[in-house]
Amino acid sequence: MNNKMKALIIGGNGSLGKAFQSSLEKRNYEVCNTYHSNKISENNSYSLDLDSSELEIDKSLEIIRNNFGVPDLLIIASGTACYNPLNKTSNEDLNHTYNVDLIGPVRVIKYFLPYFLERKSGIIHVVSAIAGVMPAVKNMSIYTSAKFGLVGFVRSLATELIGTGVKASVSCPGGIKTNLPDNAIGDKESLIKFFQQYGKSFHEPNEISELILDKLDAREVLIFPTESAKKLFEDNLAKPFWT
Ligand SMILES: NC(=O)c1ccc[n+]([C@@H]2O[C@H](COP(=O)([O-])OP(=O)(O)OC[C@H]3O[C@@H](n4cnc5c(N)ncnc54)[C@H](OP(=O)(O)O)[C@@H]3O)[C@@H](O)[C@H]2O)c1
């Protein structure tokens, strides 16, 4: 009989998602992941579009639940970045970002929650960003507000789950060396430049996945940002002021 713990990574083919995959496999988890546009593995890899209707999201998750089962650990490591001043942001980009970065993750958690509650166990972890605790990067108001939303959502959900055996936490990493800017929408060239400017001080994806998994057993709901990430953002990025 296979007694391995099961983990489902939403966005498992992204840069951070892949780091989670290898960190979890090292920790002896049986891992299943979702992709949206880039399928990378034939095994335990399922299509999911977070920017689709509730019905379609539920249909995709139903396939995962039927084939893989209800995971012990659900990690939301997907996301998109929208870089543009608000007055240049199209409604399409706005809707897409909120769907992928906030509403989609909430729907995924809502889908699995009844199964976790019935089983009286389950760990939910959502990757937000440093932008979810400090609005540090200009021209990212939609991304930032989605990430703030995720932090508020998980902090509130965690209190709702007290005594149920189900835990929820959210992490707010600072910069990570990933493909996020290449996959961004809006003025992606400027975000790429931003990553080139500060990227040397960013964390490697596997540092972040390891740190998060190490902290999952602790009772903390809000994980990160690291001190070095906080310092980088506080020291270098534009501070808003009234003029
Ligand atoms: N990079 C950073 O500096 C940084 C810092 C803090 C937090 N984060 C957060 O870390 C998380 C992972 O991002 P990353 O840096 O690893 O970027 P990434 O390499 O671009 O990965 C993004 C992931 O999200 C998935 N995704 C995109 N659109 C989707 C959609 N419509 N439906 C379902 N999945 C979708 C992608 O799947 P496909 O490839 O198949 O489209 C991919 O798996 C994000 O939440 C990001 O905000 C990143």
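This passage walks through helix H1, two helix pairs and a few unusual backbone geometries in a predicted model.

We can start with helix H1, which covers residues 15-26. Its 12 residues should span 16 Å at 1.5 Å a residue, and the end C-alpha atoms lie 17 Å apart, so the expectation and the model agree. Much of the interest here lies in what the helix touches. The buried residues of H1 are Leu-16, Gly-17, Lys-18, Ala-19, Phe-20, Gln-21, Ser-23 and Leu-24. Their packing partners are four strands, S1 (6-10), S2 (30-35), S4 (73-76) and S6 (122-127), together with helix H6 (205-215). After H1 comes Asn-28, with a positive phi near 70°.

Helix H3 (residues 91-119) takes part in both helix pairs described here. With helix H4 (residues 141-160), the axes come within 9 Å and cross at roughly 15°. An angle under 35 degrees counts as roughly parallel, and H3 and H4 are therefore roughly parallel to each other. The crossing of H3 past H4 is right-handed. On the H3 side, the contact involves Leu-94, Thr-97, Tyr-98, Asp-101, Leu-102, Pro-105 and Val-106. These meet Ile-142, Tyr-143, Ala-146, Lys-147, Gly-149, Leu-150 and Phe-153 of H4. Sorted by class, this contact has 10 nonpolar, 2 polar and 2 charged residues.

The second pair joins H3 to helix H2 (residues 54-68), with axes that come within 10 Å and cross at roughly 50°. That angle makes H2 oblique to H3. Here too the crossing is right-handed. H2 contributes Glu-54, Ile-57, Asp-58 and Leu-61, while H3 contributes Gly-104, Arg-107, Val-108 and Tyr-111. By class, the contact of H2 with H3 has 4 nonpolar, 1 polar and 3 charged residues.

Finally, some backbone details deserve a look. Most residues other than glycine have a negative phi, and most peptide bonds are trans. Lys-120, in the loop between H3 and S6, has a positive phi of about 65° although it is not a glycine. Lys-120 is exposed, because just 10 other C-beta atoms lie within 10 Å. Phe-224 also has a positive phi, of about 80°, and sits in the loop between S9 and H7. With 24 C-beta neighbours inside 10 Å, Phe-224 counts as buried. A cis peptide bond, with omega about -5°, joins Phe-224 to Pro-225. Pro-225 is likewise found in the loop between strand S9 (222-223) and helix H7 (227-236).

Conventions:
Residues numbered from 1 in each chain as written. Predicted model: local features only at pLDDT ≥ 70, side-chain atom pairs only at ≥ 80, totals over all residues. Helix = DSSP H or I, 4+ residues; strand = E, 2+ residues; numbered from the N terminus. Expected span 1.5 Å × (residues − 1). Buried ≥ 20, exposed ≤ 12 C-beta atoms within 10 Å, placed from the backbone. Contact = placed C-beta atoms within 7 Å. Axes fitted to C-alpha atoms, helices over the stretch in contact; angles between N-to-C directions. Parallel < 35°, antiparallel > 145°, perpendicular 65-115°, else oblique. Left-handed = near helix turned anticlockwise from the far one by under 90°. Nonpolar A, V, L, I, M, F, W, Y, C, P; charged D, E, K, R; others polar.
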